[in-house]
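Visitor: I have a structure open on my screen and would like a guided walk through it. Could we take it one question at a time?

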Amino acid sequence: MKFMIMLHVLGIVIWVGGMFFAHQLLRPVAADLLEPPLRLQLWVGVFKRFFPWVWVCVVTVLASGLSMIGLMGGMGAVHLYVHAMYGLGLAMMVIFVYVFFMPYGRLRKSVANQDWKNGGAALAAIRQLVGINLSLGLITIAIATAGAMLA
Ligand code: HEM
């Protein structure tokens, strides 16, 4: 169980921590300093490196989470906060999969075609969805840790 919690929390730290850095720290600086062509190329470079890690985190968080539920006696035996975490976690994963195949796909194509207008629109969609996922991630961490303390 302890090993599963370690994998679970490592996955969360890389995923949610990476979103926090990108959304709250790198984004405003890039917006201030870089013109759209350079800024869009920067983000394609950043996502090309971050998103493969997010896939690893999604699989690790889901597999370790479901394994822990199994070890705790199954869905019927776990506390309400684990169900909430499972639901919020699945919502975060669906949002990531949508981002990866839709606006991120559009962003890469637009940058390859030097279509900065549509690239900007795709980046704006990614920014909004990553903002939602970051908020869900922080709320889920609060629910998970407070839940584990209160249960
Ligand atoms: C998507 C499916 C998920 C499942 C099935 C799941 C399941 C679990 C389970 C069973 C535990 C152990 C609870 C305990 O020891 O009482 C746990 C712990 C934890 N989970 Fe999740 N989880 C999921 C997603 C997430 C997500 C998305 C986050 C954060 C963004 C998260 C954050 C945590 C944290 C921080 C703990 C440690 C709580 C503590 O011991 O203080 N989990 N999770």
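Guide: Gladly; the questions below go from the overall fold to the metal site, the pocket and one helix.

Visitor: What pattern does the protein follow along its sequence?
Guide: Please keep in mind that this is a predicted model. The secondary structure comes to 5 helices and 0 strands. Read along the sequence, the pattern is therefore α-α-α-α-α.

Visitor: What share of the residues of the protein count as buried?
Guide: The C-alpha atoms fill a box of roughly 55 × 25 × 20 Å along the principal axes. To count as buried, a residue needs a relative accessible area under 20%. Of the 151 residues of the protein, the share that meets this is 36%.

Visitor: Among contacts between residues at least 6 apart in sequence, what share join residues at least 24 apart?
Guide: A contact here means heavy atoms within 4.5 Å. Among the contacts in the protein that span at least 6 places in sequence, those joining residues at least 24 apart make up 79%.

Visitor: Which protein residues are donors of the iron atom of the ligand, and how far apart in sequence are they?
Guide: The protein donor atoms are NE2 of His8 and SD of Met85, lying 2.0 to 2.1 Å from the iron atom. His8 belongs to helix 1 (residues 2-33) and Met85 to helix 3, so the pair links distant parts of the chain. Their separation along the chain is 77 residues.

Visitor: What is the geometry of the site of the iron atom?
Guide: The iron atom of the ligand has 6 donor atoms, with angles of 87 to 179° among them. For six octahedral donors, the ideal angles are 90 or 180 degrees. The site of the iron atom is classed as octahedral.

Visitor: Is His8 buried or exposed?
Guide: The cut-off for a buried residue is under 20% relative accessible area. His8 has a relative accessible area of 12%, so His8 is buried.

Visitor: Which element gives the largest share of the lining of the largest pocket?
Guide: This pocket has a volume of about 650 Å³. Its lining has 29 residues, with His8, Ile12, Met68, Met85 and Ala144 lying nearest the centre. The elements giving two or more residues to the lining are helix 1, helix 2, helix 3 and helix 5. The largest share, 8 residues, comes from helix 3.

Visitor: Which residues does Thr140 contact, leaving aside neighbours within four places in sequence?
Guide: Thr140 sits in helix 5. At 8% relative accessibility, Thr140 counts as buried. With those neighbours left aside, its contacts are Met85, Leu88 and Met92.

Visitor: And which residues does Met85 touch, not counting those up to four places away in sequence?
Guide: Met85 is found in helix 3. Its C-alpha atom is separated by 9.9 Å from that of Leu136, 51 residues apart along the chain. Under that sequence limit, Met85 touches His8, Thr140 and Ala144.

Visitor: Why do the buried residues of helix 4 lie on the same side, and which helices do they pack against?
Guide: In helix 4 (residues 103-112), the buried residues are Pro103, Tyr104, Leu107, Ser110 and Val111. They lie on the same side because they cover an arc of only 125° around the axis. They pack against helix 2 (36-71), helix 3 (80-101) and helix 5 (116-150).

Visitor: Which exposed residues does the face turned away from the buried side of helix 4 carry?
Guide: Just after helix 4, Gln114 takes a positive phi of about 55°. Within helix 4, the face turned away from the buried side carries the exposed residues Lys109 and Ala112.

Definitions and conventions:
Residues numbered from 1 in each chain as written. Predicted model: local features only at pLDDT ≥ 70, side-chain atom pairs only at ≥ 80, totals over all residues. Heavy atoms only, no water. Buried < 20%, exposed > 50% of the residue type's maximum accessible area, 1.4 Å probe, protein only. Helix = DSSP H or I, 4+ residues; strand = E, 2+ residues; numbered from the N terminus. Arc of directions from axis to C-beta. Donors = N, O, S within 2.8 Å, 3.2 Å for Na, K, Ca; no water. Tetrahedral: all angles 85-135°; square planar, octahedral: opposite > 155°, others 65-115°. 1 Å grid on protein atoms, 1.4 Å probe; cavity = no way out; pocket = protein on both sides within 12 Å on 5 of 7 lines; lining within 4 Å. Points joined across faces, edges and corners; volume = space filled by probe spheres on them.
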